[in-house]
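Got the model open in your viewer? Here is a walk through it, one selection at a time.

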Amino acid sequence: MRLLRSVGLGAVPLAALTLAAAAVPEKPTLQSYFAAREPGVQAGGVRLIPIRTPHGTFNVWTKRFGSNPRIRLLLLHGGPGATHEYFEAMESFLPAEGIELIYYDQLGSAYSDQPKDESLWTTERFVDEVEQVRQTLGLDRDNFYLLGHSWGGILAVEYALAHQSHLKGLVISNMMMSIPDYNRYANEVLAAHMDPEVVREIREIEKRGEYESPRYMELLTPNFYAKHICRLPEWPDAVNRAFAKLNRQVYVLMQGPSEFGASGRLERWDRKADLPRITVPTLVIGARHDTMDPEHMKWVAGQVKSGRFLLCPEGSHLAMWDDQQTYMTGLTRFLKDVDEAKKP
């Protein structure tokens, strides 16, 4: 309908207008958004997807919420080893805009299979897993938006560098593009703003390897988690469920046991030099109180070819919860702008 208003009926042949209208579906109606799409017995959008790996085939859990052939947003959770559940806040915002959400527990997480083979936990294999999920769900460059949060941001960038021809838009949420830079920020900025005695005791506990000590959590909860992970006075049920199901084997192997920086297989990960290779429209989300440096996040948005930066001034690592209006409004605007071919 926008075409009719801008050029007038007499300027374009009727056949061309009909083809243009058919090629660009309108925003979903309430009925079409919630219409069944899978054949057979309906399961609320849940689908188990078989993933082929060098060590066998395993199932990962996905759930489609809504239906929009133009905007299909696949969510990559953090951890590694967390769950999709802390994304549930999006149900209060994005469906009203007609945006299709696809929840997905990565292999080793929550409702997906949890094999014990440590050779499975590599960034490269996770990228291949995402590509298999994409193929099975029929996502393509006309509708496929990928949002990665925290570790999911690493995975989303790695996927984009390998398969961006399939993407329509990319969202990097609350994740720096260099683990060495993140470790420096944690040590030189976050720790510097904490009580020195608290930091000293935390370091001593870590030096002894007592990461499961109750005292470790007693120190981290008020001094780190409550200030930099989620600043709400009472954490939402969805966040608590996601943390309770964290796969420690995957998390420690890749991220390391410390909350003051990464030390596992991701310790040397750095993609700063490769960011200009990302050419799809990209939204980078940072937060003032995050564990990730918001200035670094702003810089990332300027390194990709078509980037936009969103700062959540009241938010922390889970800014989709503690600065919801900023996060959801900015995310929605980005998705719609890309859908309507507006420049970031």
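Start with β2 and β4: they pair in the antiparallel sense over five bridges. Strands count as paired if DSSP finds at least two bridges between them, and the element names are DSSP runs numbered from the N terminus, with helices being H or I of at least four residues and strands E of at least two. Before going on, bear in mind that this is a predicted model, where local features need pLDDT of at least 70, side-chain atom pairs count only at pLDDT 80 or more, and totals for chains, interfaces and linings use all residues. Residues are numbered from 1 along each chain as its sequence is written, and side-chain values use heavy atoms, with hydrogens and water left out.

**Around β4**

Put Thr62 and Tyr104 on screen: Thr62 stands opposite Tyr104 in β4. On the β1 side, Thr62 in β2 has Arg47 opposite. β1 and β2 (residues 56–65) pair in the antiparallel sense, over eight bridges.

Now select β4 itself, residues 100–105. Six of its six residues are buried, so β4 is largely enclosed by the rest of the structure. Buried here means under 20% relative accessible area, exposed means over 50%, and partly exposed is in between (1.4 Å probe, protein chains only). Which residues point which way? Glu100, Ile102 and Tyr104 go one way from β4, while Leu101, Tyr103 and Asp105 go the other.

Step across to β3, which runs parallel to β4 and is joined to it by three bridges. Pick Leu73 and you'll find its bridge partner in β4, Leu101.

**The whole sheet**

Zoom out and colour the strands. Eight of them form an open sheet with mixed pairing, in the order β1-β2-β4-β3-β5-β6-β7-β8. The edges are β1 (46–53) and β8 (307–312), each pairing on one side only. Ignoring direction, neighbouring strands are turned by 20 degrees against each other on average.

Next, go to β6. Five of its five residues are buried: Gly169, Val171 and Ser173 on one side, Leu170 and Ile172 on the other. β5 and β6 run parallel, joined by five bridges. To see one such pair, select Leu147 together with its partner in β6, Val171.

**Helices on the sheet**

Show α5 (residues 151–163). This helix lies across β3 (72–76), β5 (144–149) and β6 (169–173), and runs at about 140 degrees to β5. Axes are lines fitted to C-alpha atoms, for helices over the stretch in contact, and angles run from 0 to 180 degrees between N-to-C directions. Then add α13 (residues 324–339), which packs on the sheet and touches β3, β5, β6, β7 (282–287) and β8; its direction makes about 165 degrees with that of β8. Contact means heavy atoms within 4.5 Å.

While you're in α13, select Asp337. It is buried, with a relative accessible area of 13%. Its side chain makes a polar contact of 2.9 Å with that of Arg308. A polar contact is a pair of N or O atoms within 3.5 Å; within protein, one must be able to donate a hydrogen and the other to accept it, and residues adjacent in sequence count only if both atoms are side-chain atoms. Leaving out residues up to four places away in sequence, Asp337 touches Arg308 and Lys342.

**α11, from cap to far end**

Move to α11 (residues 294–303), where the buried residues are Pro294, His296, Met297, Val300 and Ala301. They cover an arc of only 155 degrees around the axis, which puts them on the same side of α11; the arc is that of the directions from the helix axis to the C-beta atoms. Those buried residues pack against β6, α6 (179–190), β7 and β8. Flip to the other side of α11 and you'll see Glu295 and Gly302 exposed.

What caps the N-terminal end of α11? Asp293 does, with a side-chain oxygen 3.0 Å from the backbone nitrogen of Glu295. Gln303 is also in α11, and at 27% relative accessibility it counts as partly exposed. Gln303 touches Leu275 and Pro276, not counting residues up to four places away in sequence.

**Last stop: the cysteines**

How many disulfides does the structure hold? Zero, where a disulfide is a pair of cysteine sulfur atoms within 2.5 Å. Select Cys230 and Cys312: the closest cysteine sulfur to that of Cys230 is in Cys312, 12 Å away, too far for a bond. Cys230 is buried at 0% relative accessibility, and Cys312 is likewise buried at 0%.
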